[in-house]
Amino acid sequence: MTEMKRKCVFAGTFDPPTLGHKTIVESCLGMFDEVVLCMMVNPQKQPFFTEEERFDMLSLIFGKDERITVKTFSGTVAEFLEKENTRYYIRGLRSATDFDYENANFYASRKLDKSIVAVYLPCPQELLHVSSSMVRSSLQFGTPIDEYVTEEVKEYIEKKFTAQGK
């Protein structure tokens with residue numbers, strides 16, 4: 001009997017991807033055979049980094065692992081899960097506030113597809129302060145981002161800011 005591959009989706013704007021995102025993906029690989037990173041595109045949001053830049057940064061971090069696929073999507077998570085033929089939706093949590101937010105989104109998605117299974121993964125204690133907004137804030141104030149992002153992302157961002165003369 002052939003065992004079915006288990007696949008999950010971890011979606012977000014990844015503006016930019018952080019060490020927290022990387023840790024969640026690493027945890028997923030301990031439970032699933034395949035992880036699909038879905039970079040969500042919302043035309044009503046103006047991210048700090050372009051769609052192409054965010055995709056490039058995710059690819060720098062995860063592109064060498066054949067178990068991880070990076071995709072973009074501009075619909076609902078429920079639609080993307082159906083498209084990917086999986087019901088497992090991964091969410092990372094740093095706090096009770098994150099849980100409340102993610103749970104509300106889960107129930108909204110569940111109205112669209114009752115088969116969705118949310119998997120909440122807690123953030124490691126040493127990364128509780130890490131967020132994409134903290135990275136963006138650090139960039140705006142010219143403070144170091146080393147403790148928030150991988151070395152690949154740091155180098156990518158530094159090249160971008162050097163090229164722009166910032």
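Here are some exercises on this predicted model, each with a worked solution.

Residues are numbered from 1 along each chain as its sequence is written, and side-chain values use heavy atoms, with hydrogens and water left out. Because the model is predicted, local features need pLDDT of at least 70 and side-chain atom pairs count only at pLDDT 80 or more, while totals for chains, interfaces and linings use all residues.

**Exercise 1. Work out which residues of helix H5 are buried, and how they sit around the helix axis.**

Step 1. Helices here are DSSP runs of H or I with at least four residues, strands are runs of E with at least two, and both are numbered from the N terminus. H5 covers residues 132-141.

Step 2. Sort by relative accessible area: under 20% is buried, over 50% is exposed, and anything in between is partly exposed (1.4 Å probe, protein chains only). That picks out Ser-132, Val-135, Ser-138 and Leu-139 as buried.

Step 3. Now look down the axis of H5: its buried residues fall within an arc of 120°, so they line one face of the helix. The arc is taken from the directions that run from the helix axis to the C-beta atoms.

Step 4. Check the face turned away from that buried side, and you meet the exposed residues Gln-140 and Phe-141. After H5 comes Gly-142, with a positive phi near 70°.

**Exercise 2. Describe the largest pocket: its volume, its lining and what supplies that lining.**

Step 1. Get the term straight. On a 1 Å grid over the protein atoms alone, a pocket is an open set of points with protein on both sides within 12 Å along at least five of seven lines, whereas a cavity is a set where a 1.4 Å probe fits but cannot get out; lining residues have an atom within 4 Å of a point.

Step 2. For the volume, join grid points across faces, edges and corners and take the space filled by probe spheres set on them. The largest pocket comes out at about 1,200 Å³.

Step 3. Go round the lining: there are 42 residues, and Gly-12, Thr-13, Arg-91, Tyr-101 and Glu-102 lie nearest the centre.

Step 4. Trace them back to their elements. Strand E1 (7-12), H1, helix H3 (77-83), strand E4 (88-93), helix H4 (96-112) and H5 each supply at least two residues, and H4 gives the most, with 7.

Step 5. Split the lining by type, and you get 19 nonpolar, 16 polar and 7 charged residues. In this scheme Ala, Val, Leu, Ile, Met, Phe, Trp, Tyr, Cys and Pro are nonpolar, Asp, Glu, Lys and Arg are charged, and the others, Gly among them, are polar.

**Exercise 3. Find the unusual backbone geometry in the loop between E1 and H1.**

Step 1. Recall the usual picture: most residues other than glycine have a negative phi, and most peptide bonds are trans.

Step 2. Phe-14 sits in this loop and has a positive phi of about 50° although it isn't a glycine. Phe-14 counts as buried because its relative accessibility is 2%.

Step 3. Pro-16 is in this loop too; the peptide bond to Pro-16 from Asp-15 is cis, with omega near 0°.

**Exercise 4. Contrast Asn-85 and Thr-86 in the loop between H3 and E4: which is buried, and which is exposed?**

Step 1. Place both residues: Asn-85 lies in that loop, and so does Thr-86.

Step 2. Asn-85 is exposed, with a relative accessible area of 70%, while Thr-86 is buried at 12%. Asn-85 also has a positive phi of about 55°.

Step 3. See what Thr-86 touches, counting heavy atoms within 4.5 Å as contact. Leaving out residues up to four places away in sequence, the partners are Lys-7, Cys-8, Val-9 and Leu-81.

Step 4. A polar atom of the Thr-86 side chain lies 2.4 Å from the backbone oxygen of Lys-7.

**Exercise 5. Say where Arg-94 lies and what it contacts beyond its sequence neighbours.**

Step 1. Arg-94 is in the loop between E4 and H4, and is partly exposed at 35% relative accessible area.

Step 2. Beyond neighbours within four places in sequence, Arg-94 contacts Cys-123, Leu-128, Val-130 and Ser-131. With Cys-123, 29 residues away along the chain, the C-alpha atoms are separated by 5.2 Å.

Step 3. The side chain of Arg-94 has a polar atom 3.0 Å from the backbone oxygen of Val-130.

Note on methods:
A polar contact is a pair of N or O atoms within 3.5 Å; within protein, one must be able to donate a hydrogen and the other to accept it, and residues adjacent in sequence count only if both atoms are side-chain atoms.
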